[in-house]
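Trainee: I should like a close look at a single part of this structure, together with whatever surrounds it. Please take me through it step by step.

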Amino acid sequence: QVQLVESGGGLVQPGGSLRLSCAASGSIFRVDTMGWYRQAPGKQRELVASILSGGSSNYEDSVKGRFTISRDNAKNTVYLQMTSLKPEDTAVYYCRFSGISAYTGTPFASWGQGTQVTVSS
């Protein structure tokens with residue numbers, strides 16, 4: 001079983017920055033895709049950014065140029081650097097990892113518990 005623990009959320013003023021982190025622990029052979037999602041009140045969860053093991057990444061259009069996703073494969077950790085934050089970025093942010101379990105040798109997909117990001121003056 002793979003567990004994800006997120007950190008770094010909080011309250012920030014418009015135009016400010018935050019850095020989210022998500023670290024995995026458990027029986028991991030390989031993590032292929034690491035991603036960040038968010039869910040605002042009354043809205044569906046959406047993909048914000050994802051990154052593959054080789055480093056290629058993609059972003060949701062509204063965050064391009066403002067958010068940067070990165071990963072540390074040795075630590076099984078993903079980061080989301082968020083700059084120029086806007087009130088519409090307010091949401092609960094979740095990380096998601098998918099890969100191969102070291103225990104079963106089969107694919108896994110795990111979610112973090114979520115961290116609140118609030119952008120407000």
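Mentor: N76 lies in the loop between β7 and β8, where strands are DSSP runs of E with at least two residues, numbered from the N terminus. The model is a predicted one, in which local features need pLDDT of at least 70 and side-chain atom pairs count only at pLDDT 80 or more, while totals for chains, interfaces and linings use all residues. Residues are numbered from 1 along each chain as its sequence is written, and side-chain values use heavy atoms, with hydrogens and water left out. The phi of N76 is near 50 degrees, a positive value in a residue that is not glycine. Most residues other than glycine have a negative phi.

After this loop comes T77, which belongs to strand β8 (residues 77-82). T77 counts as buried because its relative accessibility is 7%; buried means under 20% relative accessible area, exposed means over 50%, and partly exposed lies in between, for a 1.4 Å probe and protein chains only. The side chain of T77 reaches back to the backbone oxygen of K75 at 2.9 Å. This is a polar contact, that is, a pair of N or O atoms within 3.5 Å; within protein, one must be able to donate a hydrogen and the other to accept it, and residues adjacent in sequence count only if both atoms are side-chain atoms. Apart from its neighbours within four places in sequence, T77 is in contact (heavy atoms within 4.5 Å) with C22, A23, M34, S70, R71 and D72. D72 is the bridge partner of T77.

That bridge belongs to the antiparallel pairing of β7 and β8, which extends over six bridges; two strands pair if DSSP finds at least two bridges between them. Both strands are part of an open sheet of four strands, ordered β1-β3-β8-β7 and paired in the antiparallel sense. Because β1 (2-7) and β7 (67-72) stand at the edges with a single partner strand each, one side of each has no neighbour in the sheet. From one strand to the next the twist averages 15 degrees, with axes taken as lines fitted to C-alpha atoms and angles running from 0 to 180 degrees between N-to-C directions.

Beyond β8, the chain enters the loop between β8 and β9 (91-101), where S84 is found. S84 is another residue other than glycine with a positive phi, near 50 degrees. At a relative accessible area of 41%, S84 is partly exposed. D89 is in the loop between β8 and β9 as well, but at 1% relative accessibility D89 counts as buried. A polar atom of the D89 side chain lies 2.8 Å from the backbone nitrogen of K86. Not counting residues up to four places away in sequence, D89 touches R38, R66, F67, S84, V117 and V119.

The loop leads to β9, a mostly covered strand in which nine of eleven residues are buried. β9 pairs with strand β4 (residues 28-39) in the antiparallel sense over ten bridges, and one of the facing pairs is R38 with Y93. Three bridges join β9 to strand β11 (residues 115-119), again antiparallel, with T115 as the bridge partner of Y93. Five bridges join β9 to strand β10 (residues 107-111), which run antiparallel; here S98 stands opposite A109. The hairpin of β9 and β10 has five residues between the strands, and in it G105 takes a positive phi near 75 degrees.

C22, one of the contacts of T77, is joined by a disulfide to C95, with an S to S distance of 2.0 Å; a disulfide is a pair of cysteine sulfur atoms within 2.5 Å. The pair links distant parts of the chain, since C22 is in strand β3 (residues 18-26) and C95 in strand β9, 73 residues apart. The link is right-handed, with 55 degrees about the S-S bond, and both cysteines are buried. A search of the whole structure finds one disulfide.

Finally, β8 and β9 each supply at least two residues to the largest nonpolar core, as do β1, β3, β4, β5 (46-52), β7 and β11. A nonpolar core is a set of buried Ala, Val, Leu, Ile, Met, Phe, Trp, Tyr and Cys residues joined through side-chain atoms within 4.5 Å. Of its 30 residues, W36, L80, M82, Y93 and F97 touch the most other members. Leaving aside neighbours within four places in sequence, the contacts of Y93 include L20, W36, V48, F67, L80, M82 and V117.
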